[in-house]
Amino acid sequence: MYAALTWLAIITLWKSGKNVKTTWILLTLFSILGLYSSYLYPFLLFSQVLCIFLFLRKYIQPFLLTLFISII
């Protein structure tokens, strides 16, 4: 469930083209919940990092901050 919500947040960023603070907060929250609820979630994070690096380069810094917060 959290995997779908995080992908929804990433797609929202991609389609809107705006760096919305609430989207980053939701992405961080859903990533934290996903990491604590499923042992397969790190593989999903890898695919999200790949998507951000390939298609959404202007959001690399906020996404890495989100990823860092989620992992800690």
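Student: What makes Ser31, Leu35 and Leu67 count as contacts of Leu45?

Tutor: Contact means heavy atoms within 4.5 Å. In this predicted model, Leu45 meets that limit with Ser31, Leu35 and Leu67, once its neighbours within four places in sequence are left aside. Leu45 itself sits in helix α3.

Student: Why is Leu45 called buried?

Tutor: Buried means under 20% relative accessible area. Leu45 has 7% relative accessibility, so it counts as buried. You can also look across to Trp7: the C-alpha atoms of Leu45 and Trp7 are separated by 9.9 Å, although the two are 38 residues apart along the chain.

Student: Phe46 comes from helix α3 too. Why is Phe46 called exposed?

Tutor: Good one to set beside Leu45. Exposed means over 50%, and Phe46 has a relative accessible area of 59%, so it is exposed.

Student: What makes Thr66 buried?

Tutor: Use the 20% limit again. Thr66 has a relative accessible area of 6%, which is under that limit, so Thr66 is buried. You will find Thr66 in helix α4, residues 60-71. Not counting residues up to four places away in sequence, Thr66 touches Trp24, Leu27 and Thr28.

Student: And how do you know that Thr23 is buried?

Tutor: The reasoning carries over nicely. Thr23 has a relative accessible area of 11%, and buried means under 20%, so Thr23 is buried. Thr23 lies in helix α2, residues 21-37, and touches Ala9 and Leu13, not counting residues up to four places away in sequence.

Student: Why is the pair of Trp14 and Phe55 called stacked?

Tutor: Let's begin with the search of the whole structure, which finds two aromatic pairs. One of them joins Trp14 and Phe55, with 5.4 Å centre to centre and 20 degrees between the planes. Rings pair if their centres lie within 6.5 Å, and planes under 30 degrees apart count as stacked, so Trp14 and Phe55 pass on distance and on angle. This pair links distant parts of the chain: Trp14 is in helix α1 and Phe55 in helix α3, 41 residues apart.

Student: Why is Trp14 called partly exposed, and what makes Phe55 exposed?

Tutor: Trp14 has 42% relative accessibility, which falls between the 20% and 50% limits, so it is partly exposed. Phe55 has a relative accessible area of 51%; the exposed class is over 50%, so Phe55 belongs there.

Student: What makes the nonpolar patch on the surface?

Tutor: Ile11, Trp14, Phe46, Leu50, Leu54 and Phe55 form it, with about 660 Å² of accessible area together. The elements giving two or more residues to the patch are α1 (2-16) and α3 (41-55). Helix α3 supplies the largest share, four residues. Patch residues need over 30% relative accessible area; Trp14, at 42%, clears that bar, so its exposure fits membership.

Student: Now the whole chain. How many helices and strands does it have?

Tutor: The protein chain has four helices and zero strands, and the order from the N terminus on is α-α-α-α.

Student: Why is the protein chain called as compact as a globular protein of that length?

Tutor: Its radius of gyration is 11 Å, and the globule rule gives 11 Å for 72 residues; the two values are close, so the description holds. Along its principal axes, the C-alpha trace spans about 30 × 20 × 20 Å. Of the 72 residues, 35% count as buried.

Note on methods: Residues are numbered from 1 along each chain as its sequence is written. This is a predicted model: local features need pLDDT of at least 70, side-chain atom pairs count only at pLDDT 80 or more; totals for chains, interfaces and linings use all residues. Side-chain values use heavy atoms; hydrogens and water are left out. The radius of gyration is taken over C-alpha atoms; the globule rule is 2.2 Å times the number of residues to the power 0.38. Buried means under 20% relative accessible area, exposed over 50%, partly exposed in between (1.4 Å probe, protein chains only). Patches are made of residues with over 30% relative accessible area and no salt bridge: like charges are joined within 9 Å, nonpolar side chains (Val, Leu, Ile, Met, Phe, Trp, Tyr) within 5 Å. Accessible areas come from the Shrake-Rupley method with a 1.4 Å probe; for residues, only the protein chains shown count as cover. A salt bridge is a side-chain nitrogen of Lys or Arg within 4 Å of a carboxyl oxygen of Asp or Glu. Rings of Phe, Tyr and Trp (its six-membered ring) pair if their centres lie within 6.5 Å; planes under 30 degrees apart count as stacked, over 60 as edge-to-face and the rest as tilted.
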